[in-house]
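User: Hey, can you walk me through this structure? I'm new to this, so plain words please.

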Amino acid sequence: MSAVEARIAELGLKLPEVVPPLAAYQPAVRSGNHVFTSGQLPMVNGALPATGKVGAEVGPEAAKELAATCALNALAAVKSVTGDLDRIQRVVKVVGFVASAPDFTGQPGVINGASELLGEILGDKGVHARSAVGVAVLPLDAPVEVEIQVEIAE
């Protein structure tokens, strides 16, 4: 078990299987010493634990937890390309999309779920640039979607 996966286990979490693509794309691709993930939904055992808009059907705290699930799914996608999460040198960028009720403006707080989890797992290597964007709807009516870009060791 890698040190990163041991840390995930210390946090009481488990690295999931890679979420299969919903369309014509790969969960992650490598270009040089970077890995780019596709947008990861908060799938757990093949299903979304919640659907709907944040600020309406889904509360901000629940959405924050779902964003953390997205980040864990993104790490699984990175591992599928690198074979070893210990190769991560740093998380470069996180992009989070929040399906938002018209009056919801707390997208940064929701995506903190992903950012905070990456920091807990990777320490200083998890510090990143980030965008948190409100959108009208996401695939499968998911409340949140997260993609990450990481730099890896050769």
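Analyst: Here is a short tour, starting with how the model should be read. It is a predicted model: local features need pLDDT of at least 70, side-chain atom pairs count only at pLDDT 80 or more, and totals for chains, interfaces and linings use all residues. Residues are numbered from 1 along each chain as its sequence is written, and side-chain values use heavy atoms, with hydrogens and water left out.

User: Cool. What domain does UniProt list for residues 5-146?

Analyst: The UniProt record, an unreviewed entry, gives "domain: Endoribonuclease L-PSP/chorismate mutase-like" there. UniProt positions follow the numbering used here, feature names are shortened, and annotations may be inferred rather than shown by experiment.

User: And how much of that stretch is helix and strand?

Analyst: Residues 5-146 are 32% helix and 21% strand, with the end C-alpha atoms 20 Å apart. Helices (H or I, at least four residues) and strands (E, at least two) are DSSP runs, numbered from the N terminus.

User: Which residues in α1 and α3 meet?

Analyst: V4, R7 and I8 in α1 meet E120, I121 and L122 in α3, where contact means heavy atoms within 4.5 Å. By class, that contact has four nonpolar, no polar and two charged residues. Ala, Val, Leu, Ile, Met, Phe, Trp, Tyr, Cys and Pro count as nonpolar, Asp, Glu, Lys and Arg as charged, and the others, Gly among them, as polar.

User: At what angle do the axes of α1 and α3 cross?

Analyst: Roughly 115°, and the axes of α1 (residues 3-10) and α3 (residues 107-122) come within 8 Å. Axes are lines fitted to C-alpha atoms, for helices over the stretch in contact, and angles run from 0 to 180 degrees between N-to-C directions.

User: New topic: N45. Where does N45 lie, and is N45 buried or exposed?

Analyst: N45 lies in the loop between β2 and α2. N45 counts as exposed because its relative accessibility is 80%; the cut-offs are buried under 20% relative accessible area, exposed over 50%, and partly exposed in between (1.4 Å probe, protein chains only). N45 also has a positive phi of about 50° although it is not a glycine.

User: What's notable about a positive phi?

Analyst: Most residues other than glycine have a negative phi. L140, in the loop between β4 (129-135) and β5 (144-152), is another residue other than glycine with a positive phi, near 60°.

User: What about P139? Which residues is P139 in contact with?

Analyst: Leaving aside neighbours within four places in sequence, P139 is in contact with L22, L41 and E145. P139 and L22 are 117 residues apart in sequence, yet 8.8 Å apart in space, C-alpha to C-alpha. P139 is found in the loop between β4 and β5 and is partly exposed, with a relative accessible area of 40%.

User: Last one: where is G32 found?

Analyst: G32 is in the loop between β1 (28-31) and β2 (34-37). G32 counts as exposed because its relative accessibility is 52%. G32 and E151 are 9.0 Å apart in space, C-alpha to C-alpha, with their positions 119 residues apart in sequence.
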